[in-house]
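User: I have a model to go through. Please take my questions in turn and keep the answers brief.

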Amino acid sequence: MVHPSSDGGDNVTNSSGSPQLTDGVPLAATNEGADNAAAAAADVDVPPADEIRPYDHLINEEADTDLFNKTFPGDAAIDDDDDADIKATAAAADTTGKHAADKRTGFVHFDSNVDHFCLWDEKYEETPRRYSRTLERMKELELIDRCQLIEPRRATEAEVLLVHTPEYLAKVASITSLIDPARLEEESSKFDAVYFNPNTLEAAFTAAGSAIELAEAVYTGQVRNGFALVRPPGHHAMAAEACGYCVFNNVAIAAKALLQKFEASGLQRILIVDWDVHHGQATQQAFYNDPRVLYASIHRYELGAFWPELIESNYNFTGEGAGRRYNVNVPLNDTGLCDSDYLAIWHNLLLPIFYEYNPQLVLVSAGYDAGDPLGEYCLSPNAYGQMTHMLGALANGRMILTLEGGYSLKAIADSALECIKVLLGEPPGALSLFNDSEEKKCDGPASPASSTDSGGNENIRSNSSSSIQLNECAIETLRNVIGYHSSHWPSLALNVDIPETKL
Ligand code: X5A
Ligand code: ZN
């Protein structure tokens, strides 16, 4: 690998006229920076400038299969019949005029996010292909045409500072002005699971600004709901620290920006639902003492052993001060959780709280890694559609989904598209809840340790009765969370055993 010479210095000289942070650190990549980035990227196959789409070079089915072939058993290849069905539904809807003129769903995306990639590890799982694959599928299935495109924009510095410290912003700007990949790698390694390249700052600013723009379009009624296909993701990015592939906390910034703009005219209750398989500790932190935002996260925890391995991800962290009760953690202490486990938690715990809270706007930190090998859960694309659907009756349907994690390209694309279909007003795909269903049977995570063969006591889903068998850890978590929150949310108190009526 030949890396571009950096003239002995690492910093890109800032040419006059480029945007500056107040302390003189360059904000945007200068032309020079862009050239350097392109040069550095030459090592990883950057396409000629005249290609039609800037991400064409990222569409590499072979590499994708190779990198992401860790699919669950039973994961069918993308099925052309399904495609035909979706197109047919759209066409039928068009002729009846049901969807034709009604662009109720906003969609925001920006291609330059693909310039944010890892310079030293081309197999890094937070890859631009997560975006390009999903967008391709949206085009193939003609879903994108049915959405109202929302113009992406950079967040302003002031907006980013609603969540992050000026020192952190300056630090990110200074790291991303480095051009030597070795230096970028060195600086990135000071954070937990983060990479920076020279284009990271621009992508992060635009991801955050696009989330704000979409949230505002939804809140003000320009569109009914929306989907933000952005990266880098955000929910691990803390006030002063990048973390877990996240640079700026897009969803938290959007919530704070809307509150700043609309609180005076009555915006008081925002619900943030985080269904990424990881706990969004940074979003929790951003609103921990803020009663205007209810943060609810369902995540794999394993008693603190699952990343980000924080005790604050547990259910006893319920918010503090005025924010007490407005933080709801649903930590799950096992692998292999499935649709039915999530549904039970939604129906018995999350939905009662959400309906009682009665938000005016719903922001979803929509990661799809509870459907991929990294998460070791097996949420189906339809389960994501169902969760979207269940939120649809809140806040007059004002909801946006913002991409967070998800590392199986197929799981992200299928699941995100299912959510978008639901946002567009189509019914969610049905769930197969019965354990004897071959098709949807959950074989647990793709890890050899939890094979389902033995017919032993452990496979609590093996019984073929028509009742829904839950993972015991889901039941335990339900009890614990309800225990902690039932005094906060009267609708949960209804779950306590009611004495039998004596006649
Ligand atoms: C956004 C997201 C996960 C980071 C995992 C690090 N981050 N091991 O899913
Ligand atoms: Zn995640």
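Analyst: Helices are DSSP runs of H or I with at least four residues, numbered from the N terminus. With that, Ala-193 can be placed: it is found in the loop between helix H7 (181-188) and helix H8 (200-219). Note that this is a predicted model.

User: Is Ala-193 buried, partly exposed or exposed?

Analyst: Phi of Ala-193 is near 60°, a positive value in a residue other than glycine. Buried means under 20% relative accessible area, and exposed means over 50%. Ala-193 has 27% relative accessibility, so it counts as partly exposed.

User: Which class does Glu-376 fall into, buried or exposed?

Analyst: Glu-376 is found in the loop between strand E7 (361-366) and helix H12 (381-391). Its phi is positive, about 55°, although Glu-376 is not a glycine. The cut-off for buried is under 20% relative accessible area. Glu-376 has 19%, so the class is buried.

User: Which strands stand at the edges of the sheet?

Analyst: The sheet is open, has 8 strands and shows parallel pairing. Its order is E2-E1-E3-E8-E7-E4-E5-E6. Each edge strand has a single partner strand, so one side is left without a neighbour in the sheet; these strands are E2 and E6 (327-332).

User: How many bridges join E1 to E3?

Analyst: E1 covers residues 105-109, and E3 covers residues 225-229. Gly-106 of E1 stands opposite Gly-226 in E3. The two strands run parallel, and the number of bridges is 5.

User: What is the bridge partner of Phe-107 in E2?

Analyst: E2 covers residues 148-149 and pairs with E1 in the parallel sense over 2 bridges. E1, helix H4 (residues 129-140) and E2 make a right-handed β-α-β unit. In E2, the partner of Phe-107 is Leu-149.

User: Which residues of E1 point the other way from Thr-105, Phe-107 and His-109?

Analyst: In a regular strand, side chains alternate between the two faces of the sheet. E1 is mostly covered, with 5 of its 5 residues buried. Thr-105, Phe-107 and His-109 point one way, and the other way point Gly-106 and Val-108.

User: Which residue in E5 stands opposite Leu-271?

Analyst: Strand E4 covers residues 270-274, and E5 covers residues 293-300. These strands run parallel and are joined by 5 bridges. Opposite Leu-271 in E5 stands Leu-294.

User: Where is Pro-308 found?

Analyst: The peptide bond from Trp-307 to Pro-308 is cis, with omega near 5°. Trp-307 is also one of the residues around ligand 1. The place of Pro-308 is the loop between E5 and E6.

User: What is the place of Pro-232?

Analyst: A cis peptide bond joins Arg-231 and Pro-232, with omega about 5°. Pro-232 lies in the loop between E3 and helix H9 (250-262).

User: How many charged residues are in the shell around ligand 1?

Analyst: The residues around ligand 1 include Asp-276, Asp-369, His-278 and Tyr-407. By class, the shell has 5 nonpolar and 5 polar residues. The number of charged residues is 2.

User: What percentage of the area that ligand 1 exposes when taken alone does the protein bury?

Analyst: A backbone N or O atom of Gly-244 lies 3.0 Å from a nitrogen atom of ligand 1. An oxygen atom of ligand 1 is 3.3 Å from a side-chain N or O atom of His-278. For Asp-369, the distance from a side-chain N or O atom to an oxygen atom of ligand 1 is 3.1 Å. Taken alone, ligand 1 exposes 310 Å², and the protein buries 89%.

Note on methods: Residues are numbered from 1 along each chain as its sequence is written. Chains are lettered from A and ligands numbered from 1 in the order in which they are written. This is a predicted model: local features need pLDDT of at least 70, side-chain atom pairs count only at pLDDT 80 or more; totals for chains, interfaces and linings use all residues. Side-chain values use heavy atoms; hydrogens and water are left out. Buried means under 20% relative accessible area, exposed over 50%, partly exposed in between (1.4 Å probe, protein chains only). Two strands pair if DSSP finds at least two bridges between them. A crossover is right-handed if, with the strands pointing away from the viewer, the path from the first strand over the helix to the second runs clockwise. A residue is near a molecule or strand if one of its heavy atoms lies within 4 Å of it. A polar contact is a pair of N or O atoms within 3.5 Å; within protein, one must be able to donate a hydrogen and the other to accept it, and residues adjacent in sequence count only if both atoms are side-chain atoms. Accessible areas come from the Shrake-Rupley method with a 1.4 Å probe; for residues, only the protein chains shown count as cover. Ala, Val, Leu, Ile, Met, Phe, Trp, Tyr, Cys and Pro count as nonpolar, Asp, Glu, Lys and Arg as charged, and the others, Gly among them, as polar.
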